[in-house]
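Let's take a friendly walk through a protein structure, looking at its hidden spaces, its core and its chains. Have the sequence and the 3D view ready as you read.

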Amino acid sequence: MLRALKPVQRLLGSTLRDLAPLFLVIGFFQAVVLQQPFPNLLDVGIGLIFVVIGLTLFVGGLKIGLFPLGEAMAESFARKGSLSALLAFAFLLGFTTTIAEPALIAVVDQAGAAAAAANVVADQPDAIARYALWLRITVALSVGIALVIGVIRIVRGWPIQILIIAGYTGIAAMTAIAPPEIVGIAYDSGGVTTSTVTVPLVAALGVGLASVIRGRNPVVDGFGLIAFASLTPMMFVLAFGTIWKQL
Amino acid sequence: MLELLGATALSTFFDVGPIVVVLGFFQFIVLRRPLARPGRILLGIVLVILGMTLFLVGLESALFPLGRTMALQLTEPAFLGTAGASADWRDYGWVYVFAAAIGFATTIAEPALIAVALKAAQISGGAVPPFGLRLTVAFGVAIGVALGCLRIVTGTPLAWCIIAGYVVVLLQTMITPRMIVPLAYDSGGVTTSTVTVPVVTALGLGLATVIPSRSPLTDGFGLIAFASLFPILTVQAYAWLASTWSRLAKARREKATVR
């Protein structure tokens, strides 16, 4: 019994280490810099326990669930040998996980408000909502396409640098012609698309593919999917802002 | 708190639901290959959903409200001691300290980064130490968020900073060991997730609201872009330093044996 608890104990220990800086920073600023008492100490205490247990369960579940699943599916796709099925999977994985991403929903709502302030859309709730929805679809499409490009890159063994250089050159050029109010949103949208559940799956998929396909090195070729998923949203949102203004 | 628990469980479920549908469709209809240890994988997925729910509820009830109020309080003229007078960029000292500290702390706690670090350690056979990678990334986010706050205060155009930053990243790529480059680019994207985004966004919004002639709608953005850029720089720099160091050490050893 005690032996079975050992891994749990170790996991709990590393979770505490991971969360300690966050507790310390917030505690320090609250008590020393702002010199304010903690509100609802009981709530804070229960919340902290939830955070520790939650992160421990998440990391445990990652190791026994999401990682093996992503790897198994990557291997099955490679065995099946159908590139189109693999690409359809990559696109749908990117699109569906992004369209429902809460962080993205928060950002597009803000973007809608910013667009209304810049007179790009009429300052009415339904016009803003329509703008926000199309923006969300645009970002989700861009992540789907990013994973497709990323998977093709792993299969073909293209070097990542050339694609990244091309991407950022495109972004720089598009920034020059895009309306200024969309630039900040576009740059931020790259960071918010990759959610906590998607990342482990995508990482396992990429590494799994690169391990199974002959001639690929999992370290050199397996990573990079997330980098594309952060790059294409910037590009697509800049294009979206430019086109929307022309309409 | 129970209400929050229910609402978060529901939203996590909707967040994970589409993924499960896509995975299930391809696994059972397209691939039709049996999974090894399906029960264990199912348990893992349940743990991930349960863990995410508890984690988010805990953050939402304990840390996020404090973090958000802090971000607002630190940018208030009353706290800065500049009420009435127009504030200089030097008056925001605590804001930069808070930005760097909270950027570092939220990144260390970021579950997505833990996942990538575990994966990197596993496939590199331990050559990429997981906690070392996360520390390097967290330092990058700390620098990024602090400089991003400075940018909001000074009003430098975001596009210049970001494009200049990526030019440096690309130049750096030429001298970085090839093995680390994709991982470095990935670490930029994963740092800004569940824990970092809410607090950092509040900080940007607070700053842009308080500083005269900045609009929260247009100037509050950009911190996340900074926080995604700088980890690429620090990870590549670390990898370059480590490889140069070991090359020099090897050269020195060889010289010693020749003698």
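## Enclosed spaces

In this predicted model, the count comes to 5 cavities of 30 Å³ or more. How much space lies in the largest cavity? The answer is about 90 Å³. Its lining is made of 14 residues, and the closest to the centre are Y168(A), S230(A), Y166(B), Y185(B) and I232(B). Try finding these five in your viewer, and you will see that they carry both chain letters, A and B.

Several helices help to build the lining of this largest cavity. Chain A gives two or more residues from each of α6 (160-177), α7 (180-192) and α10 (225-246), while chain B does so from α8 (181-190) and α11 (223-258). Which element gives the largest share? That is α10(A), with 4 residues. Sorted by class, the lining of the largest cavity holds 8 nonpolar and 6 polar residues, with no charged ones.

## The second largest cavity

Next comes the second largest cavity, with about 80 Å³ of space. Here 13 residues form the lining, and V143(A), T194(A), T198(A), V202(A) and A229(A) lie nearest the centre. The elements that supply two or more residues belong to chain A: α3 (83-99), α5 (125-156), α8 (198-212) and α10. By class, the lining of the second largest cavity has 7 nonpolar residues, 6 polar residues and no charged residues.

## Open pockets

Now for the pockets. The largest pocket has about 770 Å³ of space. As many as 34 residues line the largest pocket, and those nearest its centre are P102(A), A103(A), T194(B), V197(B) and P198(B). From chain A, α4 (102-117) and α7 each give two or more residues to this lining, and from chain B the elements α1, α2, α9 (196-210) and α11 do the same. The largest share, 6 residues, comes from α9(B). What classes of residue line the largest pocket? There are 16 nonpolar, 13 polar and 5 charged residues.

The second largest pocket has a volume of about 510 Å³. Of its 23 lining residues, P7(A), L11(A), V59(A), G60(A) and K63(A) are the closest to the centre. At least two residues each come from α1 (2-33) and α2 (41-80) of chain A, as well as from α2, α5 (111-123) and α6 (130-154) of chain B. Which element gives the most to the lining of the second largest pocket? It is α1(A), with 8 residues. By class, the lining of the second largest pocket divides into 13 nonpolar, 5 polar and 5 charged residues.

## A shared nonpolar core

The largest nonpolar core counts 159 residues. Within this core, F89(A), I164(A), Y187(A) and Y185(B) touch the most other members.

You have already met Y185(B), one of the residues closest to the centre of the largest cavity. Which residues does Y185(B) touch, leaving aside those up to four places away in sequence? In chain A they are I160(A), I164(A) and A227(A), and in chain B they are V169(B), L170(B), T173(B), I232(B) and Q236(B). One of these partners, I164(A), is also among the residues that touch the most other core members.

## Chain A and its domains

The domain assignment of chain A gives domain 1 (1-65) and domain 2 (82-245). How many Å separate the centres of these two domains? Taken over C-alpha atoms, the distance is 32 Å.

## Chain B from end to end

Chain B has 11 helices and 0 strands, so its pattern along the sequence is α-α-α-α-α-α-α-α-α-α-α. Its C-alpha trace spans about 70 × 70 × 30 Å along the principal axes. Of the 259 residues in chain B, 53% are buried. Among contacts in chain B between residues at least 6 apart in sequence, 79% join residues at least 24 apart.

## One unusual backbone angle

Most residues other than glycine have a negative phi. R32(B) has a positive phi, near 50°. Where does R32(B) lie? Look in the loop between α1 (2-31) and α2 (38-74) of chain B. Is R32(B) buried or exposed? R32(B) is exposed, with a relative accessible area of 64%.

Terms used: Residues numbered from 1 in each chain as written. Chains lettered and ligands numbered in written order. Predicted model: local features only at pLDDT ≥ 70, side-chain atom pairs only at ≥ 80, totals over all residues. Heavy atoms only, no water. Domains from an automatic or database assignment. Core = buried A, V, L, I, M, F, W, Y, C linked by side-chain atoms within 4.5 Å. Buried < 20%, exposed > 50% of the residue type's maximum accessible area, 1.4 Å probe, protein only. Contact = heavy atoms within 4.5 Å. 1 Å grid on protein atoms, 1.4 Å probe; cavity = no way out; pocket = protein on both sides within 12 Å on 5 of 7 lines; lining within 4 Å. Points joined across faces, edges and corners; volume = space filled by probe spheres on them. Nonpolar A, V, L, I, M, F, W, Y, C, P; charged D, E, K, R; others polar.
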